[in-house]
Amino acid sequence: MKRLVVGAHYGLMDWLAQRITAIIMAAYTVIMFAATLGGVTGSREVWHAFMANGFIRFITFLFIISLCYHAWVGVRDIWMDYVKPATIRVTLHVLTLLALVGYAGWAVQIIWRLP
Amino acid sequence: MTNATRTVQFKIYRYDPDRDAKPYMQDISVELESTDRKLLDAMVKLKAQDDSISFRRSCREGVCGSDAMNINGKNGLACLAAMEGFPEGKPIVLRPLPGLPVIRDLIVDMTQFFKQYNSIKPYLINNDPPPERERLQSPEDREELNGLYECILCACCSTACPSFWWNPDKFVGPAGLLAAYRFIADTRDQATSERLDDLEDPYRLFRCHTIMNCVDVCPKGLNPTKAIGRSRK
């Protein structure tokens, strides 16, 4: 008989993380929407100064990290549901992880205008 | 009351693995009297007409849960589905519960479903010596079990759940999780943390994505999604 292995003990952690990151993203969206209404997209200079603000940079970074973690849990769940062969699944997991880490790094480079 | 007869059309999923190469839908009609009020009454008439049609049935009053099937695309109990609730002139489409292996016609193999149910230890665990008469609860504590203990294990919910379709071997499913919370919420049970620990897995409990098909189809009006949410707390 095939043995089934369940009991990985990270279910709650991921579930909670997905909710918390969702709240962070929602809050960021509200802040950015309010800023847009406040006219920060009026001219390039205003927008540039706004995004150069330390606090805005910090929450943008927080948003990107939340987005990546949220997407990781969600996309991983899709692979877990639909892709059964272990080799293909692990490959997809690794590709997803690499892509998300890459996006996060790229975002950091953009936010802090790194060379 | 008049005893007028009327003809009702059916489209029924037929599959006998001994005879049929693959399943097919059979068109069949039946004469009903006004006393044939529920779908199960009509099916009993159908069976009298063509005794090769197979389905499970027992109590005919929504207590045993054996006549669960997919009725016009939605899981339910044939004995609780009122004939007058079906649109006139359209055939009633009957299929077996989705996601479980078909044994014959509308009869499915429930092994996987009960395996998951048994995996949550659906019995009271209490290591204290049994009292003279019974383990008592306060009315408030007993109230906690309402909406949980009434499950008849008909499998309408679990077989309507996409998460159960994709991972029936790993995801406990709404029926099993409702039962799990029934014992988690029971003040007489002493294995609460073991029970929660057993569910703490990305598959067993957390494969539920709050699709809520289970709540939509439950013939007893129960809410497994709510029980799952409480277990997570």
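Me: What makes the span of helix α4 (residues 86-111) of chain A close to the one expected?

Reply: In this predicted model, α4(A) has 26 residues and reaches 37 Å from its first C-alpha to its last, close to the 38 Å expected at 1.5 Å a residue. The expected span is 1.5 Å times one less than the number of residues. Helices (H or I, at least four residues) and strands (E, at least two) are DSSP runs, numbered from the N terminus. Residues are numbered from 1 along each chain as its sequence is written, and chains are lettered from A in the order in which they are written. Local features need pLDDT of at least 70, side-chain atom pairs count only at pLDDT 80 or more, and totals for chains, interfaces and linings use all residues.

Me: Why is α4(A) said to lie largely in the open?

Reply: A residue is buried if 20 or more other C-beta atoms, placed from the backbone, lie within 10 Å of its own, exposed if 12 or fewer, and partly exposed in between. The number of buried residues among the 26 of α4(A) is zero, so the helix lies largely in the open. Across chain A, buried residues make up 5% of the 115 residues.

Me: How do you know what radius of gyration to set against that of chain A?

Reply: The radius of gyration is taken over C-alpha atoms, and the globule rule is 2.2 Å times the number of residues to the power 0.38. For a compact globule of 115 residues this is near 13 Å, but chain A has 19 Å. The C-alpha trace of chain A spans about 65 × 30 × 20 Å along its principal axes. Chain A has four helices and zero strands.

Me: What makes a residue part of the contact between chain A and chain B, and how many does each chain give?

Reply: Two residues are in contact if their C-beta atoms, placed from the backbone, lie within 7 Å. The contact takes 13 residues from chain A and 12 residues from chain B. On the side of chain A, α1(A) gives the most, with four residues.

Me: Why is a set of residues called a nonpolar core, and which residues have the most contacts inside the largest one?

Reply: The term denotes buried Ala, Val, Leu, Ile, Met, Phe, Trp, Tyr and Cys residues joined through C-beta atoms within 7 Å. The largest such core has 56 residues, and Ala78(B), Ala155(B), Leu178(B) and Ala180(B) have the most contacts inside it. The element that gives the most to this core is α5(B), with eight residues.
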